[in-house]
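Thank you all for making the time today. I would like to walk through one structure with you, taking it element by element.

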Amino acid sequence: ASTHYRPVSDVPVRIGPPYAVRGVTYVPADDPTYDRIGYASWYGHESGSMTANGERYRVDGVSAAHTTLPLPSYVEVTSLASGRTILVRVNDRGPFAAGRIIDLSHGAATLLGIERSGVAPVRVRRVSPGEADRARLRAGRPALNRPTVPEATLAVWRTRLGRTMR
């Protein structure tokens, strides 16, 4: 059986029907105001596999899996430990583990500085970047650097994370 990968493109945008994984139903939606605090994990051993929107997964690319955002879409992911923020292209579905809100490619996890921890607290916010950053991410390269979040803001987010995880 041969696999037919789609060229990497921002069109068409696919939302998809509701689906269930391990008894949990997920309802994809176009939510331009998506902004959550939770945990990120990363995956890296599926290089060459097909992503949910039909592209080839690149382990060192800067991509991610999300359970409900449109494919593709773009998010800013901020490490609550360091304040480092990166731009990521969502092109796959997941993670399907409780408490995790995004699954990063190994390349994205490395850029964010969380590749050693496996799971890390993050803020994920949907954004609409300019075409230059979109093109870099489609090519598997990082977007331009984003500002680091100040410690005072990180402290507020960590407090909010503690409340949501109880």
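Let me begin with a question: which residue stands opposite V75 in β8? It is R126, and I should say at once that what we are looking at is a predicted model. The pairing of V75 with R126 belongs to a wider contact, in which six bridges join β5 to strand β8, residues 119–127, with the two strands running antiparallel.

Strand β5 also pairs with β6, again in the antiparallel sense and over six bridges, and here T78 is the residue that stands opposite T85 in β6. If you follow the chain from β5 into β6, you will see that the two form a hairpin with five residues between them, and that G83, in the turn, has a positive phi of about 85 degrees.

How many of the seven residues of strand β5 are buried? The count is seven of the seven across residues 73–79, so β5 is largely enclosed by the rest of the structure. From this strand S73, V75, V77 and S79 point one way, while Y74, E76 and T78 point the other way, and all of them are buried.

Let me turn now to strand β3, which covers residues 35–43 and includes G38. G38 is buried, with a relative accessible area of 0%, and its C-alpha atom is separated by 6.6 Å from that of G99, although the two glycines are 61 residues apart along the chain.

The structure holds four aromatic pairs. In one of them, the rings of Y43 and Y57 have their centres 4.8 Å apart and their planes at 15 degrees, and because planes under 30 degrees apart count as stacked, this pair is a stacked one. Y43 lies in strand β3, whereas Y57 lies in the loop between β3 and β4, so the pair ties together parts that are 14 residues apart in sequence. Both of these tyrosines, Y43 and Y57, are buried. Elsewhere, ring pairs link Y19, Y26 and F96 into a cluster.

My last topic is charge. Side chains of opposite charge can pair when their charged atoms come close, and in this model the count comes to eleven salt bridges. One of them is formed by E55 with R89, where the closest N and O atoms are 2.8 Å apart. This pair links distant parts of the chain, since E55 sits in the loop between β3 and β4 and R89 in strand β6, 34 residues apart.

Are these two partners buried or exposed? E55 is buried, with a relative accessible area of 1%, and R89 is buried as well, at 3%.

A second example is the salt bridge in which the side chains of R146 and D133 meet, at 3.8 Å from N to O. R146 lies in the loop between α2 and α3 and D133 in helix α2, so this pair ties together parts that are 13 residues apart in sequence. R146 counts as partly exposed at 23% relative accessibility, whereas D133, at 12%, counts as buried.

Finally, E151 forms a salt bridge with R158, with the closest N and O atoms 2.7 Å apart. Here E151 is partly exposed, with a relative accessible area of 48%, and R158 counts as partly exposed too, at 33%. Beyond the individual pairs, salt bridges that share partners join D10, E55, R89, E131, R134 and R138 into one network.

Key. Residues numbered from 1 in each chain as written. Predicted model: local features only at pLDDT ≥ 70, side-chain atom pairs only at ≥ 80, totals over all residues. Heavy atoms only, no water. Helix = DSSP H or I, 4+ residues; strand = E, 2+ residues; numbered from the N terminus. Buried < 20%, exposed > 50% of the residue type's maximum accessible area, 1.4 Å probe, protein only. Phe/Tyr/Trp six-rings, centres within 6.5 Å; stacked < 30°, edge-to-face > 60°. Salt bridge = Lys/Arg side-chain N within 4 Å of Asp/Glu carboxyl O. Pairing = 2+ DSSP bridges.
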